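Visitor: I would like a close look at one part of this model, with the cut-offs spelled out as you go. Please start from the ligand and work outward from there.

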Amino acid sequence: MKCYAGSELRNVALVGHAHSGKTTLVAAMLQAAHMTLVQGRVEDGSAVTAYDEEDVARHTTMANAVAFAEWSGVKVNLVDTPGFHMFVHEARAALLPVEAAVVVVNAAAGVESVTERVWRYAGEMDMPRMLVLNQMDHAKVVAAGREGWERVLESMRVRWGRQVVPVQWPIFDAAGFRGVVDLVTMEAFVYRPDSDGVGSIAAIPADLRAEVQAAHEALVELVAEGKDELMEEFFAESTIPEQHLISALHEAIREDRIFPVLFVSGLRNIGTDHLLDFVKVYAPCPVERQPIAVRAVQPARANGSAEAEDQVEMVMRRMEDGEPLALYVYKTMVDPFAGRISFFKVVSGSLKNDATVQSFSRGELERMAHLSIMQGRKPVEVTELHAGDLGVVAKLRVTLTGDTLGARGHEIFLEPMSVPEPAMTYAIEPRTRNDEDKLAPALHKLMEEDPMVRFYRDAQTNEFLVAGAGQPHIESLVSRLKRRYHAEVTLKAPKVPYRETIRGRVEAQGRHKKQTGGHGQFGDCTLRLEPLVRGSGIEFVNQIFGGAIPRQYIPAVERGVQESAMRGYLAGYPVTDFRVTLLDGSFHDVDSSEMAFKMAGRLAFRKCMESAKPALLEPVMRVEIETPDEFAGAVMSDLNGRRGRVQGMERMDGGGTLVRAEVPLAEMLSYGTTLTSITQGRGSHRMEMDHYDLVPQALAEKIIASARRPLEEYDA
Ligand SMILES: Nc1nc2c(ncn2[C@@H]2O[C@H](COP(=O)(O)OP(=O)(O)OP(=O)(O)O)[C@@H](O)[C@H]2O)c(=O)[nH]1
Ligand SMILES: [Mg+2]
């Protein structure tokens, strides 16, 4: 395996809407570069970047995958990303280790919701973008002809500006899409569909000459815009010499002044060798990247000490071999057999096989044994990786996604990629005892590779909860648990952590007296209960004067109340937001004990509850929903049906509407699925707990009637 220098590397991520054909296109490019013997297909699981069993089974990419094409002296690293809206955070994470985004658009469908989202993400990172109109062989595209693909082009211009410009012109013949004209070199390439993807040079078809010439001039003019010497050259000669045009276009793409449009068919493998060529010539190589500003001090971790913003010390790094070694881990895969596989980018310096490097993030040493690059699922060992390259290494001990490693004394830290809050939560229950033992370790492994997964125990309901991006995401987790770790589980809607409270002020006495054999038990107290404002919890006030209850027994009374409140009164949910005042009591010299006063406290509390107008409280979430404008009305009327209170709506900068609302959690348990269907998969939401509020009477009665566990009788 050749060792590629930084200038011989191109890193691109293929991003775009689901089913636009990214995975198929990667397979086609690999075939054109003779990296595979036969072109892989998504349908039969042979596509190089679709190796995960879940991806294969569902015919969709759920996590980033990496492959490379050795192409006329350069190595093109290709990151295939998910296009399904639920996993679009993965696509965003894939933009970190690359220098350009290849935005794949299904020519038959046009710009779709995820296309717009990935475009926005790339824009936020000032990332060069190349647009690829894929599926040009599609019957719909062929039937619509020039008018069809130009309409797509126009819709992209409307969204992203006139910098969107074709650098190719598609060629059709009677049988369909056949090739492209390169508008820079003005050469035509034609293809035999379903062959190895390598085109042959041909004459520009006579009927296309005029429009191709016009398109060439439009491109040249746009490239020359703002560059005086090129403009002069253009006006004098009415064109620019090819070499000048190539370097000027390269620069314009690097600086986001031009978003070039190319035409391919991944499935029939037409134009993909030319796409590789284009990436080789026009995508920036890592060394061309401006020096990046990175932190010299580790960002505070969630559990670490807080770090003041003014202490953030930045240093500049160039993506060059001469700089100190730094690696950034952008993905982790956990194989049940091979263990942890860390995908990293060499941010600076060069890395030799078997090197020992310092983990900046965790302060430990890690050994980079069997240094490799990934061809889909297959590691290919290499001796060295240069600045800018993407590599993998297995069996790192402590390193996780987002970490940086490198040369001791030259610590740098990259901004961690944020992960959206999970949109859906389920209660997860192991099927058997055996499954129970496997569940937590297996889920923790899955969490290492998928930052969107959360797994925790709800302190109040005692359920184990698993949260993720949506139902398909959590279902895929469940089948991974089963297949990889042989842990079988069932999912249920999580219990809503209701609470109970009181609405009245009452007083009652609790007297615990028992005469058993020898020692008796005696405790007696009078309590007052009164409501407090929402969120106050339980407040205990001691108003005993003159030793009606000896001092040492008073905490026992409080404990008795606390314990009894925890068990609930109406439906077994903890009672909260009240003040309990210990007013009076009596004791017995011999028979009184802590236990007896605890019992007295419980008794008094339950007596109070009988007349304190107990009520049920439910958690109310603060919800934010992003939706395309046309569905905002439907989203809001659906929220009304969920007892939601819309707090406001606003237009978002990038387009679309943001709806803010407060909605009871009980109404939001499967909201993700509903939102998907209301917005045709284009909406997203996040929510967080806001406050507790009274449950409406009729509903409260139902909840009380169906309280899962029958209330234990008071055990006095
Ligand atoms: N006609 C035609 N069909 C294509 C082409 N490329 C992909 N397809 C089909 O479109 C479907 C989706 O292709 P994928 O390659 O899985 O698309 P993707 O963009 O990776 O999809 P996600 O991973 O879900 O984001 C498959 O059935 C492909 O066979 C193409 O160039 N022409
Ligand atoms: Mg895919």
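Of the 21 residues around ligand 1, which come nearest?

Guide: Two conventions come before the answer: this is a predicted model, in which local features need pLDDT of at least 70 and side-chain atom pairs count only at pLDDT 80 or more, while totals for chains, interfaces and linings use all residues. Residues are numbered from 1 along each chain as its sequence is written, and chains are lettered from A and ligands numbered from 1 in the order in which they are written.

The nearest of the 21 residues around ligand 1 are Gly-21, Thr-24, Thr-61, Gly-83 and Leu-267, where a residue is near a molecule if its C-beta atom, placed from the backbone, lies within 6 Å of it. By type, this shell comprises 14 polar, 5 nonpolar and 2 charged residues, with Ala, Val, Leu, Ile, Met, Phe, Trp, Tyr, Cys and Pro counted as nonpolar, Asp, Glu, Lys and Arg as charged, and the others, Gly among them, as polar. Helix H1 (residues 22–32) supplies the largest share of the shell, 3 residues; helices (H or I, at least four residues) and strands (E, at least two) are DSSP runs, numbered from the N terminus.

From the ligand one can move on to the nonpolar interior. The largest nonpolar core holds 148 residues, among which Val-12, Met-29, Val-103 and Val-132 touch the most other members, and H1 gives the most to this core, with 7 residues. Such a core is a set of buried Ala, Val, Leu, Ile, Met, Phe, Trp, Tyr and Cys residues joined through C-beta atoms within 7 Å, and a residue is buried if 20 or more other C-beta atoms lie within 10 Å of its own, exposed if 12 or fewer, and partly exposed in between, with C-beta atoms placed from the backbone. Leaving aside residues up to four places away in sequence, Met-29 touches Ala-69, Leu-78, Thr-272, Leu-275 and Leu-276, contact being defined by C-beta atoms, placed from the backbone, within 7 Å. A second, separate core of 27 residues includes Leu-529, Tyr-553, Ala-565 and Phe-597.

For contrast, consider Thr-674, which lies in helix H15 (residues 671–678). Thr-674 counts as partly exposed because it has 15 C-beta neighbours inside 10 Å. Its C-alpha is 9.4 Å from that of Val-635, although Thr-674 and Val-635 are 39 residues apart in sequence.

Conventions
Contact = placed C-beta atoms within 7 Å.
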